[in-house]
Amino acid sequence: MILGKVIGTVWSTRKDENLVGAKFLIVQQLKLDYSPKDNFVVAVDSVGAGVSEVVLVAQGSSARQTTFTKNKPVDAVIMAIVDKLDISVKEKLSAMVSE
Amino acid sequence: MILGKVIGTVWSTRKDENLVGAKFLIVQQLKLDYSPKDNFVVAVDSVGAGVSEVVLVAQGSSARQTTFTKNKPVDAVIMAIVDKLDISVKEKLSAMVSE
Amino acid sequence: MILGKVIGTVWSTRKDENLVGAKFLIVQQLKLDYSPKDNFVVAVDSVGAGVSEVVLVAQGSSARQTTFTKNKPVDAVIMAIVDKLDISVKEKLSAMVSE
Amino acid sequence: MILGKVIGTVWSTRKDENLVGAKFLIVQQLKLDYSPKDNFVVAVDSVGAGVSEVVLVAQGSSARQTTFTKNKPVDAVIMAIVDKLDISVKEKLSAMVSE
Amino acid sequence: MILGKVIGTVWSTRKDENLVGAKFLIVQQLKLDYSPKDNFVVAVDSVGAGVSEVVLVAQGSSARQTTFTKNKPVDAVIMAIVDKLDISVKEKLSAMVSE
């Protein structure tokens with residue numbers, strides 16, 4: 001899954017008939033320190049996520065494994081809202097060297 | 001899903017027999033301010049999208065979850081036409097820093 | 001789908017038993033002006049494509065949705081030979097700015 | 001599969017109902033010399049991996065082929081803990097040239 | 001499929017129960033002139049590939065379409081050993097310009 005933050009909504013009237021009622025959210029990808037990556041994805045919400053919340057996004061066929069997205073043409077779904085990240089201090093230090 | 005704009009059409013006579021009648025559109029990927037990214041994808045249209053329209057594209061196996069694309073060798077489908085993007089002002093500012 | 005040009009062939013004697021008879025073609029990815037991108041993919045041919053032809057390649061599970069590739073371990077298939085690209089002049093101009 | 005090291009945990013209370021009990025680990029991608037790549041993925045653990053362990057992560061629909069992840073909206077799973085890498089000295093030298 | 005060269009092995013004792021007996025090989029991605037790309041993937045071997053051999057790797061769900069990998073959590077499989085590449089001289093020249 002990728003880590004991201006909900007920063008907005010996509011409005012669409014004309015769409016696949018199975019997508020009526022779908023909530024398309026704009027998810028900015030995040031680094032581990034919550035700073036934004038230069039990338040975003042549009043994902044369907046399945047957990048009631050709102051703007052500014054940090055979330056996990058599952059992509060590909062796995063995005064269709066929720067009750068709402070089943071058999072629908074969506075390739076990204078928000079399936080968890082993040083409470084916090086717990087990063088090992090030791091591992092964080094060595095990782096930050098490369099970022 | 002990725003955000004893009006339809007900028008053209010691919011014409012193909014010789015193709016998989018299940019793709020007769022498919023409309024292959026060239027979709028330029030977009031940033032959140034609608035400026036073009038340096039990337040495009042060829043996607044099958046399932047919602048009547050036309051040139052210059054901003055759309056969402058679903059990729060992978062999810063591209064086969066529309067009535068027309070089912071069981072066909074296509075890995076990208078336009079499944080929504082975008083009316084507008086609603087981006088949180090606060091989040092937009094912090095996101096633009098990184099772009 | 002990605003846009004590419006067939007530039008060669010991969011010869012392989014030892015391969016998965018279901019791939020006997022498969023034609024592995026080297027497809028150089030193309031930009032919209034037909035200049036080469038710095039990337040290639042090896043794809044199975046399902047439409048009789050030959051060297052120098054411009055083609056569309058479907059990837060992932062969609063690559064297994066042709067008569068020949070069904071249930072075979074291939075993740076890229078040539079499913080269309082391109083006659084021509086029709087790009088909106090207006091959109092082409094704005095797109096070229098970013099390339 | 002990608003090679004990575006577990007560097008932390010993602011805590012999430014609100015998530016897809018099928019994900020109750022899932023352990024979301026933060027996996028930093030590694031190079032062959034175990035130095036960190038500038039990329040990470042959040043993966044569900046299926047083998048009891050802990051922080052600082054080097055692991056393999058399977059992505060996409062393959063991430064749903066374990067007993068725990070079956071039919072769940074997850075696109076990355078830790079399916080092996082790495083004991084060691086055995087790299088051909090000759091091949092390592094030529095590979096390092098390009099890194 | 002991607003073109004690569006087997007450069008080593010990953011040893012793993014603790015892994016998904018369905019992966020007992022799996023041979024995890026480290027495959028360095030190659031350019032068309034056989035020089036290494038700055039990328040590698042860990043793939044399960046299904047054709048008896050050995051170190052220094054040039055191979056094709058299928059990824060995603062297609063990696064599960066061999067007798068050994070069926071229904072297993074693996075997202076990359078070596079499904080062919082390459083004898084040689086046949087690249088059109090004309091196309092090679094224009095392609096090299098961009099590399």
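Burial in chain A, to start. Of its 99 residues, 60% count as buried. Keep in mind that this is a predicted model. Chain A exposes about 4,000 Å². Carbon and sulfur atoms supply 53% of that area.

Now the fold of chain A. It has one helix and six strands. Read along the sequence, the pattern is β-β-β-β-β-β-α. So much for order; next, extent. The C-alpha trace of chain A spans about 50 × 25 × 20 Å along its principal axes. And contacts by sequence separation. Take the contacts in chain A between residues at least 6 apart in sequence. Of those, 52% join residues at least 24 apart.

On to the assembly. How does chain E superpose on chain C? By a rotation of 72 degrees, with 0.0 Å of shift along its axis. The RMSD is 0.0 Å. That is the relation of a five-fold axis. Chain D goes onto chain A in a like manner: a rotation of 72 degrees, a shift of 0.0 Å along the axis, and an RMSD of 0.0 Å.

Which surfaces do the copies use? Take chain E and chain C. Only 6% of the interface residues of chain E are also interface residues in chain C, so these copies meet through different surfaces. For chain D and chain A, the figure is 5% of the interface residues of chain D, so here too the copies meet through different surfaces.

Some pairs of chains do not meet. Chain B and chain D have no contact joining them. Their closest C-alpha atoms lie 10 Å apart. Chain C and chain D do not touch either. There, the nearest C-alpha atoms are 10 Å apart.

Let me zoom in on one residue between chains C and E. Where is C:Asp75? In the loop of chain C between strand E4, residues 54-59, and strand E5, residues 76-81. Buried or exposed? Buried, because its relative accessibility is 8%, and the cut-off for buried is under 20%.

What does C:Asp75 touch, beyond residues up to four places away in sequence? Within chain C, the partners are C:Ala58, C:Gln59, C:Gly60 and C:Ala63. From chain E come E:Met1, E:Val57, E:Ala58, E:Gln59 and E:Ser62. Two of these partners deserve a closer look. C:Ala63 is twelve residues from C:Asp75 in sequence, and the C-alpha atoms are 5.4 Å apart. E:Gln59 offers its backbone nitrogen: the side chain of C:Asp75 reaches that atom at 2.6 Å.

Next, a residue between chains D and A. D:Thr9 lies in strand E1 of chain D, residues 2-11. At 17% relative accessibility, D:Thr9 counts as buried. Leave aside neighbours within four places in sequence. Then D:Thr9 is in contact with D:Phe24, D:Leu25 and D:Ile26 in chain D. Across in chain A, D:Thr9 contacts A:Lys84, A:Leu85 and A:Asp86.

Last topic, the rings. How many aromatic pairs are there over all chains? Zero. Lysines do sit over rings, though. In chain B, B:Lys72 lies over the face of B:Phe68, at 3.7 Å from the ring centre. In chain D, the charged end of D:Lys72 sits over the ring of D:Phe68, also 3.7 Å from its centre.

Key:
Residues are numbered from 1 along each chain as its sequence is written. Chains are lettered from A and ligands numbered from 1 in the order in which they are written. This is a predicted model: local features need pLDDT of at least 70, side-chain atom pairs count only at pLDDT 80 or more; totals for chains, interfaces and linings use all residues. Side-chain values use heavy atoms; hydrogens and water are left out. Helices (H or I, at least four residues) and strands (E, at least two) are DSSP runs, numbered from the N terminus. Buried means under 20% relative accessible area, exposed over 50%, partly exposed in between (1.4 Å probe, protein chains only). Contact means heavy atoms within 4.5 Å. A polar contact is a pair of N or O atoms within 3.5 Å; within protein, one must be able to donate a hydrogen and the other to accept it, and residues adjacent in sequence count only if both atoms are side-chain atoms. Rings of Phe, Tyr and Trp (its six-membered ring) pair if their centres lie within 6.5 Å; planes under 30 degrees apart count as stacked, over 60 as edge-to-face and the rest as tilted. A charge sits over a ring if NZ of Lys or CZ of Arg is within 6 Å of the ring centre and within 35 degrees of the ring normal. Copies are superposed by least squares on the C-alpha atoms of residues with pLDDT of at least 70 in both. Accessible areas come from the Shrake-Rupley method with a 1.4 Å probe; for residues, only the protein chains shown count as cover.
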